[in-house]
Amino acid sequence: ILIPVQAYVDLLQILSVQESKVSRFLALVNQTNQTYALDRPVVLFIPTNEAFDIDKLLLPSSNADLVSLIKQHILPSYESIKNDTMYNTSNPNAHIQLSSIKGKQIVTLYLNGEKKSQANVITILNAMPVTGGTAFIIDAVPVSYTHLRSP
């Protein structure tokens, strides 16, 4: 008996459909050589290009800080995300919690146990069942590593 095998599709391929919305974050992933972190089933929280507006945000200048910023957007393994549960990110000091408030899904970032920022979930992309990855496209960048530029 032959069982058909589904073609392998990774989360980056799924994200390519939304590339015009998330290209700034994906460029930062490439710039810091963190694409290997997405080669397995993971959960991503990716800011839109509008949220990741480099004209308004001052991003970290060191590569190590940029990597830390990226890692706080990645859960290191695929998990089915449940509301009001705290999840460890790939950054050991950062945790993410998803909540539902008045019918909207909200992502909250905690650093060292302290609430730092919130973002609305705009879109959820699933690579299930092929790879098990999920991407939550969000409308804000955590303020822990970014600062607003002076006008």
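Reader: Happy to start with the overview: how many helices and strands does the secondary structure of the chain come to?
Author: This is a predicted model, so the answer is read from predicted coordinates. Along the sequence the pattern runs α-α-β-β-α-β-β-β-β-β-β-β. The tally is three helices and nine strands.

Reader: What share of the residues of the chain count as buried?
Author: The chain has 151 residues. Among contacts with a separation of 6 or more, 56% join residues 24 or more positions apart. The share of residues that count as buried is 46%.

Reader: Let's turn to the sheet: in what order do the seven strands stand?
Author: The sheet is open, and its pairing is mixed. Strand E3 (74–75) and strand E4 (86–88) each have a single partner strand, so they stand at the edges with one side left without a neighbour in the sheet. The order is E3-E1-E8-E7-E6-E5-E4.

Reader: Which residue is the bridge partner of Leu-44 in E3?
Author: E1 and E3 pair over two bridges, in the antiparallel sense. In E3, the partner of Leu-44 is Ile-74.

Reader: And what angle does the direction of H2 make with that of E1?
Author: H2 packs on the sheet. The helix touches both E1 and strand E8 (134–138). With the direction of E1, the direction of H2 makes an angle of about 100 degrees.

Reader: At which residue does H2 bend?
Author: A straight helix of 13 residues would span 18 Å, yet H2 (residues 19–31) spans only 16 Å between its end C-alpha atoms. The helix bends by about 40 degrees. The bend is at Phe-25.

Reader: Which residues in H2 are buried?
Author: An α-helix has 3.6 residues a turn, so residues three or four places apart point the same way. With that in mind, here is the set for this helix. The buried residues in H2 are Val-22, Phe-25, Leu-26, Leu-28 and Val-29.

Reader: Is Thr-32 buried or exposed?
Author: Thr-32 is found in the loop between H2 and strand E1 (43–47). Leaving aside neighbours within four places in sequence, Thr-32 is in contact with Asn-63, Leu-66, Val-67 and Ile-70. Its relative accessible area is 3%, and the cut-off is under 20%, so Thr-32 is buried.

Reader: Which residue just after H2 takes a positive phi?
Author: The phi in question is about 55 degrees. The residue is Asn-33.

Reader: How far apart in space are Ile-96 and His-73, C-alpha to C-alpha?
Author: Ile-96 is found in strand E5 (residues 94–101) and is buried, with a relative accessible area of 4%. Not counting residues up to four places away in sequence, Ile-96 touches several residues, including Phe-45, Gln-72, Met-86 and Leu-109. Ile-96 and His-73 are 23 residues apart in sequence. In space, the C-alpha to C-alpha distance is 8.4 Å.

Reader: One last pair, please: with which residue does Glu-114 form a salt bridge?
Author: Side chains of opposite charge can pair when their charged atoms come close. The count of salt bridges here comes to one, and its closest N and O atoms are 3.7 Å apart, within the 4 Å cut-off. Glu-114 is partly exposed at 46% relative accessibility, and its partner is partly exposed at 35%. That partner is Lys-116.

Terms used. Residues numbered from 1 in each chain as written. Predicted model: local features only at pLDDT ≥ 70, side-chain atom pairs only at ≥ 80, totals over all residues. Heavy atoms only, no water. Helix = DSSP H or I, 4+ residues; strand = E, 2+ residues; numbered from the N terminus. Expected span 1.5 Å × (residues − 1). Bend = angle between axes of the 7 residues up to and from the residue. Buried < 20%, exposed > 50% of the residue type's maximum accessible area, 1.4 Å probe, protein only. Contact = heavy atoms within 4.5 Å. Pairing = 2+ DSSP bridges. Axes fitted to C-alpha atoms, helices over the stretch in contact; angles between N-to-C directions. Salt bridge = Lys/Arg side-chain N within 4 Å of Asp/Glu carboxyl O.
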